[in-house]
Amino acid sequence: MEIYHYSDVFLTIEAPFYFLLGLLAVYRTSIQSMQNGRAPFAACMIELVMRLAATVWLSHFLDYTAVCIASPLAWFGACALLIPVYYRMMKKPGMTAASK
């Protein structure tokens, strides 16, 4: 019963944020396809640091909830980097839908 409780809490907290994971996948692969590997790598590092920080630091205050929100926080942090990078790259001269 305890496992069911924890899995229910995990899915209840994390599931509403799956749209962020979808955005992350779209923007990361789009940027990679435009021959930019640095931004996706930096986003990966942001995800790693945010997951670690959420589980280590926030767990002192939120217990198991910190583990549940670690991934959505990481996804948000990565998207906060990748989305502006994508639109900056799209504004570059010569970067059109046909040239991608």
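**Warm-up.** Which residues make a nonpolar surface patch of about 480 Å²?

Let's take it in steps.
- Keep in mind that you're looking at a predicted model.
- The patch is made by Phe41, Met45, Leu48, Val49 and Leu52.
- Pick Val49 as an example: you'll find Val49 in helix H3.
- Val49 has 52% relative accessibility, and the cut-off for exposed is over 50%, so Val49 counts as exposed.

**Exercise 1. Check how confident the prediction is.** Find the chain's mean pLDDT, then look at the elements.

Start with the whole chain.
- The average pLDDT is 92.
- A score of at least 70 is reached by 94% of the residues.
- Now go element by element: H2 has the highest mean pLDDT, 96.
- At the other end sits H3, with the lowest mean, 94.

**Exercise 2. Take the largest nonpolar core apart.** Work out who sits in the middle of the contacts and which helices contribute.

Begin with the residues, then move to the helices.
- The largest nonpolar core holds 14 residues.
- Those touching the most other members are Leu24, Ile31, Ala39, Leu82, Val85, Tyr86 and Met89.
- Two or more core residues come from each of helix H2 (18-33), helix H3 (38-62) and helix H4 (64-90).
- H4 gives the largest share, 7 residues.
- Zoom in on Leu24 and skip its neighbours within four places in sequence: Leu24 is then in contact with Glu47, Trp75, Ala78, Cys79 and Leu82.

One name in that last list, Glu47, is the topic of the next exercise.

**Exercise 3. Follow Glu47.** Is Glu47 buried or exposed, and which residues does Glu47 touch?

First the place, then the surroundings.
- Glu47 lies in helix H3.
- The relative accessible area of Glu47 is 8%, and buried means under 20%, so Glu47 is buried.
- Leave out residues up to four places away in sequence, and Glu47 touches Leu24, Arg28, Ala74, Trp75 and Ala78.

**Exercise 4. Build the salt-bridge network.** How many salt bridges does a search of the whole structure find, and which residues do they join into one network?

A reminder before we start: side chains of opposite charge can pair when their charged atoms come close.
- The search finds 2 salt bridges.
- One of them pairs Glu47 with Arg28, and the closest N and O atoms are 2.5 Å apart.
- Glu47 is in helix H3 while Arg28 is in helix H2, so this pair ties together parts that are 19 residues apart in sequence.
- Glu47 also meets Arg51 in a salt bridge, at 3.5 Å from N to O.
- This time both partners lie in helix H3, 4 residues apart, which is about one turn of the helix.
- Arg51 is partly exposed, at 29% relative accessible area.
- Put the pieces together: salt bridges that share partners join Arg28, Glu47 and Arg51 into one network.

**Exercise 5. Spot the positive phi angles.** What are the phi values of Gln35 and Asp63, and where do these residues lie?

Here's the background you need: most residues other than glycine have a negative phi.
- Gln35 isn't a glycine, yet its phi is positive, at about 65 degrees.
- Gln35 lies in the loop between H2 and H3.
- With 72% relative accessibility, Gln35 counts as exposed.
- Asp63 isn't a glycine either, and its phi is positive too, near 55 degrees.
- Look for Asp63 in the loop between H3 and H4.
- Asp63 has a relative accessible area of 55% and is exposed.

**Exercise 6. Set chain separation beside distance in space.** Take the pair Phe19 and Pro72, then the pair Phe76 and Gln35, and give both kinds of separation for each.

Handle one pair at a time.
- Phe19 is part of helix H2, and its 52% relative accessibility makes Phe19 exposed.
- Phe19 and Pro72 are 53 residues apart along the chain, and their C-alpha atoms are separated by 9.7 Å.
- Phe76 belongs to helix H4 and is exposed, with a relative accessible area of 52%.
- Phe76 and Gln35 are 41 residues apart along the chain, with 23 Å between their C-alpha atoms.

Conventions. Residues numbered from 1 in each chain as written. Predicted model: local features only at pLDDT ≥ 70, side-chain atom pairs only at ≥ 80, totals over all residues. Heavy atoms only, no water. Core = buried A, V, L, I, M, F, W, Y, C linked by side-chain atoms within 4.5 Å. Buried < 20%, exposed > 50% of the residue type's maximum accessible area, 1.4 Å probe, protein only. Contact = heavy atoms within 4.5 Å. Patch = residues over 30% accessible without salt bridge, like charges linked within 9 Å, V, L, I, M, F, W, Y side chains within 5 Å. Areas by Shrake-Rupley, 256 points an atom, 1.4 Å probe, with all protein chains shown as cover. Salt bridge = Lys/Arg side-chain N within 4 Å of Asp/Glu carboxyl O. pLDDT = per-residue confidence, 0-100.
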